[in-house]
Amino acid sequence: MTTRQASLGAKSRPVAGPAEMAAPPDLRTFTIDFFTFFQATVRPLDKRKQGVLEVDLPAELVEHFGKPQLRLAFHQVSPGSDVELVAHGSRLFDRMVALLERRGALTLLALPNRHPNSEMLLQAIRPVNTSITGLKLQEQTRSLFVFNWRITYRADDKREELYTVVLDERGERLPLRGEPHTDPDAVDLDALFADAHPVPPETDAEGRALPAKLPPMTHLVRLAETARKYAIYHADLRCVGHEAEIMPRLYTTLNRLTTYYGQQIQEVYESHDPTGEKREALEQDLARKIAEEVENHRLRVQVTLFSYAVVQTPVAVADLVLSDGKREATVQVVRNRYTGAIQGPACSACGRETTTVALDRFGHLCCDDCIEQCSTCQEIICAECGVEPCPACGQANCSACGQLCWACGGRACAEHVRACPVCGDSVCLACQTACAHCGTVQCRSHLRADGVAAADGSHPLICAACAVRCPGCQQYSVQMGVCSASGQRFCANCLATCESCGRRVGPGFYERDAAGKRVYCHSCLVECPSCHKLTPGTIHCGRCGREACRACTTLCQVCRRPCCTEHLLRYADCKHSVCDEHGARCVYCNEPVCPICWEACGICEQHHCGSHVALCRRCEQTYCSGCVRESGLCQTCAGLERDGVEVTLTREPCMADERVAALAPHYRWRRLSNARYLIFVGENSFLSRAVVVVDKIGGGRVATARRLSAIDRLRDQFGLG
């Protein structure tokens, strides 16, 4: 295949990328280039952009196409006319592609030398801390590989396209001019093939042509497989658009089939098809046709290598030896003789091409952005080798000047690293700490936190030699003391001071009081005769005089004397505790009664339960049921006429109550009294009464102060309940 044939494949290639698809290839331009290449005469018959072409074929093409002249159209062609259609999948287009396949399997091209000057190679790099001590210049050729792929899409229609992939010798894809999101230095295939010329074959001594020198077959196969992956990826992207166009046509066809057969099935009456065979046959025929249409519309893709070209590019390679007097490094500068582009050396740290070159301490090339300096030796270090700050002082050190800390993994200065006296490892000073007790500097991992806090609340670090494990709390500490009772050593947290004798004793040799605040040693404790536990002291029961600890005695909530469990009464409902001397029972049913919750009757001074309580309707106080008559009056209120004593209420202490002061001037008062209450009953000329009740046990407080209605006066007069 010659230069022009390779350009045919380049011009017909589609432009595709991950983000967007290019427009379909221009078949008219491809057709003009195709016939012009084979020296045919091409004439447009009209001025339209996609108008008909008339082609006069040379003898070589007359044999292939079977006629001396062709008329070509690129849109719909009327049947019976002498105009042939050029489209993807058409008969004429397949003949054109077949001819190219036969004649254009391989093209070997060479690009011209447009930049013979070699001075730019020496100016391509600028040494920073070195000089050029050696130079070796070579002329070489490097190849570009252009693979043209034919991609066929078959479904209910057929589509084809040519796709070009360009690779370098390393197998890396080169972007093409015109593709989206490509840089300005992309390969322009049209200009490339226009400038390239065929490589003349070499001849032997007898003048016979020798086979062209090509790269090894294994290398070509590997490059072709790489290019095929890019072609398949491009085909996958195109399939998305093709399937989006196929699916509506498939749905239209399936809808037409289901509608037609649905009508046929509905028109089959049950009388004409009693067994249902006709309906079943129509349904089976519908299923078969649906399967056929689905299969016909299934998209199939075929990717075939159409042709490939090897384009040899002349390059000049300069091997420069850089030296700073201590070390040397060889750098390579390559210039493309065709484009004039210069490829400089790459930075060993960031990998980017650089013109400013520095040689670091270890002989590595680095650019300006990747230069670092060691603060100890003042040498240049590349960013890949790097300098690290010392954990102790923060100064940057290289691997030759710094020393690795086995504790933190940092690189410390030589003067800030020392061997640990415990493990012997080289550890930086930032990872070593002095013992708070003996002051020995060692790895922080060998130190323990003192279990006893210091005065400021912190827990200082102590070494293993100074730390003592407390047998009480199992913590390490240097603040130890001796127990006065056992002679053992305990930490300050475990030792306690006896409240009685003031001695320091350890755990197991002291007890705390019931509140858990005070501590007493066993020498200052006595055994409780009741529970046999050690206690700081005993108290005597107020009833029997027996000794017991505070846990075994309870204060009576009436007389406030301590009582042992034998002389104590507990009421489950109200949780009150009283001694058996002040325990009470109901005078009527003999049931136990809490004397605190149920006070004695204010008249008979006997205790009663909740089932035997009654309310006086005049004084509104509660008494036992035996002290309240059927009329609803207590015995005190009922004896008003008999026991009432006339008094001047304004002279009584209860006048301090506002309610009493409002009633006193309007009534004549008589006083009644029982064991608990003073009852004042007032009368006036309007048959109205008032009652004031004063609680004597309650400190003289006014329990009731109210007016009685005329109905209450009539009840009292006639003894009504």
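## Sheet and cavity in a predicted model

Q: Which residue is the bridge partner of L72 in β4?
A: In this structure, which is a predicted model, L72 has E84 of β4 as its bridge partner.

Q: OK, and in what sense do β3 and β4 pair, and over how many bridges?
A: Strand β3, made of residues 69-73, pairs with β4 in the parallel sense, and the pairing runs over three bridges.

Q: What's the order of the strands in the sheet?
A: Four strands form an open sheet, and their order is β1-β2-β3-β4, with mixed pairing.

Q: Which ones are the edge strands?
A: The edges are formed by β1 (41-44) and β4 (83-85), each of which pairs on one side only. From one strand to the next, the twist averages 30°.

Q: Which strands does helix α2 touch?
A: Helix α2, residues 27-37, packs on the sheet and touches β1, β2 (53-56) and β3, while its direction makes about 145° with that of β1.

Q: Switching topic: how many cavities of 30 Å³ or more are there in the whole structure?
A: A search of the whole structure finds three of them, and the second largest has a volume of about 50 Å³.

Q: What lines that second largest cavity?
A: Its lining consists of Y153, D157, R159, H242, E245, I246, R249 and L299, and these residues divide into four charged, three nonpolar and one polar.

Q: Where does the largest share of that lining come from?
A: Helix α7, which spans residues 217-266, gives the largest share of the lining of the second largest cavity, namely four residues.

Key: Residues are numbered from 1 along each chain as its sequence is written. This is a predicted model: local features need pLDDT of at least 70, side-chain atom pairs count only at pLDDT 80 or more; totals for chains, interfaces and linings use all residues. Side-chain values use heavy atoms; hydrogens and water are left out. On a 1 Å grid over the protein atoms alone, a cavity is a set of points where a 1.4 Å probe fits but cannot get out, and a pocket is an open set with protein on both sides within 12 Å along at least five of seven lines; lining residues have an atom within 4 Å of a point. Grid points are joined across faces, edges and corners, and a volume is the space filled by probe spheres set on the points. Helices (H or I, at least four residues) and strands (E, at least two) are DSSP runs, numbered from the N terminus. Ala, Val, Leu, Ile, Met, Phe, Trp, Tyr, Cys and Pro count as nonpolar, Asp, Glu, Lys and Arg as charged, and the others, Gly among them, as polar. Two strands pair if DSSP finds at least two bridges between them. Axes are lines fitted to C-alpha atoms, for helices over the stretch in contact, and angles run from 0 to 180 degrees between N-to-C directions. Contact means heavy atoms within 4.5 Å.
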